Amino acid sequence: MTPAPVSRRTLPWLLFAAAGLVLLLAPRFLDRGSLNDVWNVAFGVILACSWNILGGFAGQVSIGYSAFIGIGAYTTVLLALKGVDPYLTLPLSALLAAVFAVLIGLPAFRLRGPYFTIVTIGVSEAVRVFASGVSFTGGSSGLRMPAGSFDFSVNYASMVALALAVIALTAALSRSPFGAALGAIRQDIDAAEALGIDSTRFKLGAHAISAALVAVAGSLYAINFQYVAPGSVFDFRLSLSIVLMPIIGGVGTLAGPVLGAVIFSYLQIKLLTIPALRDSYLFIYGGLLILVMLFEPKGIVGLWNRLAASVRRSPGGSDAR
Amino acid sequence: MPADAGGATPILSVRSLSKRFEGLLALGGVSFDVEKGQIFGVIGPNGAGKTTLFSCIVGSLVPTSGEILFRKRRIGGLPNDAVVRRGVVRTHQIVRPFREMTVAQNVSVGALFGRGKRRGAEAASRVAAVLETTGLSHRAGALAGTLTIGELKRLEIARALATEPEVICLDEVMGGLNPSEILAAMALIRTIRDAGVTVLMIEHHIHAVVGVSDRILVLNFGEKIAEGTPREVVADPDVVAAYLGDETNPLLEECVS
């Protein structure tokens, strides 16, 4: 190998920064349709990476994250209808979702494994039914943002910047003591507690952080579509997609949720434009999920690591692992 | 050094501790005191309630009744992590490493979240010191899943030590070890005590317990049947009958001599 001008640790960050810069400058050279695709992918990246903090790092699989998208979206629309600038509502969206995540987590985190997962499905469905049933949310017909000037470029920049920030945040978290605690909880929660880790507190923290990030994405989603309804933001299929992305890419890894979100969001965009495949996408995702679970539980990242290891081993045969 | 008799207040005090699982009385009113700086052995046949006792002390089980006092303050019923942060930690009989972490990362969990709550360089130096003590320095970068059973037993001790405990409860850390490893483990236990940590140890390996303990508690069917110096305990007729077998047990003669 030729001597590298940058170390193996800084190279990914340089690539990340370059990619981020290109994406933020994309409106100067990409058409609106392509920008929409990037927007969708960025939305997916935020959901997948945020979910990965609790579901991947801490191993607590929630299938109820659409609730946080909805909380963010409704907070923004409801306040905008009161005359607040939509972008000023983002901190409140994050805060409300974090509080809700803690309130749900307090009882739910007493349960372990699949029991926790089942409760998250129940809670998010309850939230959807509630939002459809009460009047201040506009019921099942939803709410429209007040008419006003909408600037896609601001929304695009916000969504892409948030996606980049979430990637950087998860990378920082994974190397922090907080990340170490989540990893210990995932691998053996009793052993983690036996070393002084207050598992409930860390799970609540992870839940609150990821919920807050997802809620901000939900706010940006509502600003972009200028409309929010229970059928869109609280859709159970949305909750499932949020889980599928990191699993396909590599659950608990840093790159996995990003890869999964890029592939998933792009597939979704393309499939939805092909009439014959429009209704078959859940079938395709289900098939992908089964393949990943059967053959490579660490997803594409795991597959990549395995291939890289076998390539390293084959010529010299000197590699130990 | 053995504990000075009388006078000193015990660092750990167990008062009429009972634990009931459904119909089974796993512990039926056990009381004992452990002095600071002691090595305190706990022996008894399988199912005597030894591990249940440790689980109640560190809070991974909630006692049915009775009290556990650490430095005169009640810890019985507190959650496991809170007890660890106060300074009482245990190892697991069946090792529970974080298999996807390296040995050093495993130990750092104890340093980061135990009583010391070290960060950064302080955590790193604590980890290095503990790895040195437990003879795992050369395995620091190895994934825990690749260790031998002897190394895994030491990793259990290393992680617990990294929490900077005042009392460490070792649950059969010699199980599955060969004779030379057992000698090394006995030396390690003395090293831990000499560093100021009070040691409680459950051990089936009778030579080892008798060899390192200052005092020994004997449990049988959840009840204390004897407590005293190793010499007193192995000579106790109840202990001989319940645990060590008949009086002509060659093991016993070897221990007493």
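**Two chains, seen from the sheets outward**

Let me start with chain B, where 4 strands form an open sheet in the order β2-β1-β4-β5, and the pairing in that sheet is antiparallel. At its edges we find β2, residues 24–34, and β5, residues 73–74 of chain B, each of which pairs on one side only. Before I go further, please keep in mind that this is a predicted model, and that what I describe has been computed from its atoms.

Staying with this sheet for a moment, strand β1, which covers residues 12–21 of chain B, is joined to β2(B) by 8 bridges, and the two strands run antiparallel. If you would like a place to put your finger while looking at the structure, take Ser18(B), which stands opposite Gly28(B) in β2(B). As a general reminder, the strands of a sheet pair through backbone hydrogen bonds, either parallel or antiparallel. Across this part of chain B lies helix α1, residues 50–58, which covers β1, β2 and β4, the last being residues 65–70, and which runs at about 65 degrees to β2(B).

Chain B has another sheet for us to look at, and here an open arrangement of 6 strands follows the order β6-β7-β8-β3-β9-β10, with mixed pairing. The edge strands in this case are β6, residues 88–90, and β10, residues 223–228 of chain B, and each of them pairs on one side only. On average, and with direction ignored, neighbouring strands of this sheet are turned by 15 degrees against each other. Towards one end of the order, strand β9, residues 215–220 of chain B, is connected to β10(B) by 5 bridges, and these two run antiparallel. Within that pair, Leu217(B) stands opposite Glu227(B) in β10(B).

Which helix packs on this sheet, touching β3, β7 and β8 of chain B? It is helix α6, residues 179–194 of chain B, which touches β3 at 39–43, β7 at 167–171 and β8 at 198–202, and whose direction makes about 150 degrees with that of β8(B). One residue of helix α6 in chain B that I would like to single out is Ala184(B). Is Ala184(B) buried or exposed? The answer lies in between: Ala184(B) counts as partly exposed because 17 other C-beta atoms lie within 10 Å, whereas a buried residue would need 20 or more and an exposed one would have 12 or fewer. For a sense of distance, Ala184(B) and Glu232(B) are separated by 48 residues in sequence and by 26 Å in space, taken from C-alpha to C-alpha.

Stepping back to chain B as a whole, we count 10 helices and 10 strands. Its radius of gyration is 18 Å, which agrees with a compact globule, because a globule of 257 residues would have a value near 18 Å. The C-alpha trace of chain B spans about 55 × 40 × 40 Å along its principal axes, and buried residues make up 48% of the 257 residues. Of the contacts in chain B between residues at least 6 apart in sequence, 64% join residues at least 24 apart.

Now to chain A, which contains 14 helices and 2 strands. With 321 residues, a compact globule would have a radius of gyration near 20 Å, and so the 20 Å of chain A agrees with that description. Along its principal axes the C-alpha trace of chain A spans about 65 × 50 × 40 Å, and 44% of the 321 residues are buried. When contacts in chain A between residues at least 6 apart in sequence are considered, 77% of them join residues at least 24 apart.

The helix pair I would point to in chain A is α4, residues 90–108, with α9, residues 199–225: their axes come within 7 Å and cross at roughly 145 degrees. That crossing of α4(A) and α9(A) is right-handed. Among the residues making the contact are Leu96(A), Phe100(A) and Gly105(A) from α4(A), together with Leu204(A), His207(A) and Gly218(A) from α9(A). By class, the residues of this contact between α4(A) and α9(A) divide into 15 nonpolar, 5 polar and 1 charged.

Finally, how do the two chains meet? Here 15 residues of chain A are in contact with 22 residues of chain B. On the chain A side, the elements giving two or more residues are α7, residues 177–187, and α8, residues 189–193, and α7(A) gives the most, with 6 residues. That side of chain A has 8 nonpolar, 3 polar and 4 charged residues.

Technical notes:
Residues are numbered from 1 along each chain as its sequence is written. Chains are lettered from A and ligands numbered from 1 in the order in which they are written. This is a predicted model: local features need pLDDT of at least 70, side-chain atom pairs count only at pLDDT 80 or more; totals for chains, interfaces and linings use all residues. Two residues are in contact if their C-beta atoms, placed from the backbone, lie within 7 Å. Ala, Val, Leu, Ile, Met, Phe, Trp, Tyr, Cys and Pro count as nonpolar, Asp, Glu, Lys and Arg as charged, and the others, Gly among them, as polar. Axes are lines fitted to C-alpha atoms, for helices over the stretch in contact, and angles run from 0 to 180 degrees between N-to-C directions. A crossing is left-handed if the near helix is turned anticlockwise from the far one by less than a right angle, and right-handed if clockwise. Two strands pair if DSSP finds at least two bridges between them. The radius of gyration is taken over C-alpha atoms; the globule rule is 2.2 Å times the number of residues to the power 0.38.
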